[in-house]
Amino acid sequence: MVVLIDTNVALDFLTMRQPYYNDARKVIMICANERVKGFIAFHSLPNIFYILRKSHSEEVRREMLRKLCLVLQVTGASHDKVCNAIERMEFSDFEDCLQDECAKEVSADFIITRNLNDFQNSKIKAVTPQKFLEMIDTFGSDRKEQGDSSYGSTI
């Protein structure tokens, strides 16, 4: 399974923002444990760096991004995909449209976000961290019941 982590979920994790932190942490840990392949959009990184400028030093922000990039692969969108996103009028927020284009670029199964309304018109299905965790638990239970020997090593 392949997922794209939206900026808000990454920020929830990095800032330990309540009440969202626990679910965000679990999602990031699932990516870190390679149960799923996690991606983050290239443009999310400067957004995170900028958003955290008042609460964290430059050194701390760089370390946060460094660690995040150890867990999540960075993806971008080609020139053609960005131009396509500009024309997608069904998105009121251009940045969310770029998230969808980046998710398509890596053939993501899901975009994990807290802002489902922003992704009503996305080509890649958006789910909340909570819904994603429920799906992973169900998938893991199914694998366990079927006797998948690799299940235990992926946790």
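Leaving aside its neighbours within four places in sequence, Thr 75 is in contact with Leu 4, Phe 39, Ile 40, Ala 41, Phe 42, Cys 102, Glu 105 and Val 106, where contact means heavy atoms within 4.5 Å. Thr 75 belongs to strand β3, and because its relative accessible area is 7%, it counts as buried; the term buried stands for under 20% relative accessible area, exposed for over 50%, and partly exposed for the range in between, with a 1.4 Å probe and protein chains only. Helices (H or I, at least four residues) and strands (E, at least two) are DSSP runs, numbered from the N terminus.

This is a predicted model, in which local features need pLDDT of at least 70 and side-chain atom pairs count only at pLDDT 80 or more, while totals for chains, interfaces and linings use all residues. Residues are numbered from 1 along each chain as its sequence is written, and side-chain values use heavy atoms, with hydrogens and water left out.

**The chain and its confidence**

The protein chain holds seven helices and five strands, and from the N terminus on these elements follow the order β-α-α-β-α-α-β-α-α-β-β-α. Of its 155 residues, 41% count as buried. Among contacts between residues at least 6 apart in sequence, 62% join residues at least 24 apart.

The predictor's confidence in each residue is given as pLDDT, from 0 to 100. The mean pLDDT of the chain is 89, and 89% of its residues reach 70 or more. Over residues 141–155, however, pLDDT stays under 50, and the model has nine contacts beyond four places in sequence for them. Where pLDDT is low, the predicted coordinates should not be read in detail.

**The sheet**

The five strands form an open sheet with parallel pairing, in the order β3-β2-β1-β4-β5. Strands β3 (73–75) and β5 (126–127) stand at the edges with a single partner strand each, so one side of each is left without a neighbour in the sheet. Two strands are said to pair if DSSP finds at least two bridges between them.

Strand β1 (residues 2–5) is joined to strand β4 (residues 110–112) by three bridges, and β1 also pairs with β2 over four bridges in the parallel sense. Three further bridges join β2 to β3, and these two strands run parallel. Some of the bridge partners are listed here.

| Residue | Partner and its strand |
|---|---|
| Val 2 | Lys 37 in β2 |
| Val 3 | Phe 110 in β4 |
| Ile 5 | Ile 40 in β2 |
| Ile 5 | Ile 112 in β4 |
| Ile 40 | Val 74 in β3 |

In a regular strand the side chains alternate between the two faces of the sheet. In β1, Val 2 and Leu 4 point one way and Val 3 and Ile 5 the other way, and all are buried. Four of the five residues of strand β2 (residues 37–41) are buried, so β2 is largely enclosed by the rest of the structure.

**Helix α6 and its ends**

The expected span of a helix is 1.5 Å times one less than its number of residues. For the twelve residues of helix α6 (residues 94–105) this gives 16 Å, which agrees with the 16 Å between its end C-alpha atoms. The buried residues of α6 are Asp 96, Cys 97, Leu 98, Gln 99, Asp 100, Glu 101, Cys 102 and Ala 103; among them, Cys 102 is also one of the residues in contact with Thr 75.

At the N-terminal end of α6, Asp 93 acts as a cap, with a side-chain oxygen 2.9 Å from the backbone nitrogen of Glu 95. Just after α6, Ser 107 takes a positive phi of about 55 degrees.

**Helix α4 and the cysteines**

Leu 70 is found in helix α4 (residues 58–71), and because its relative accessibility is 69%, Leu 70 counts as exposed. The C-alpha atoms of Leu 70 and Ala 32 are separated by 8.2 Å, although the two residues are 38 residues apart along the chain.

Cys 69 counts as partly exposed because its relative accessibility is 31%, and Cys 83 is partly exposed as well, with a relative accessible area of 33%. A disulfide is a covalent bond between the sulfur atoms of two cysteines. Taking a disulfide to be a pair of cysteine sulfur atoms within 2.5 Å, the count comes to zero disulfides.

Note on methods
Polar contact = N/O pair within 3.5 Å; in protein donor to acceptor, adjacent residues only side chain to side chain.
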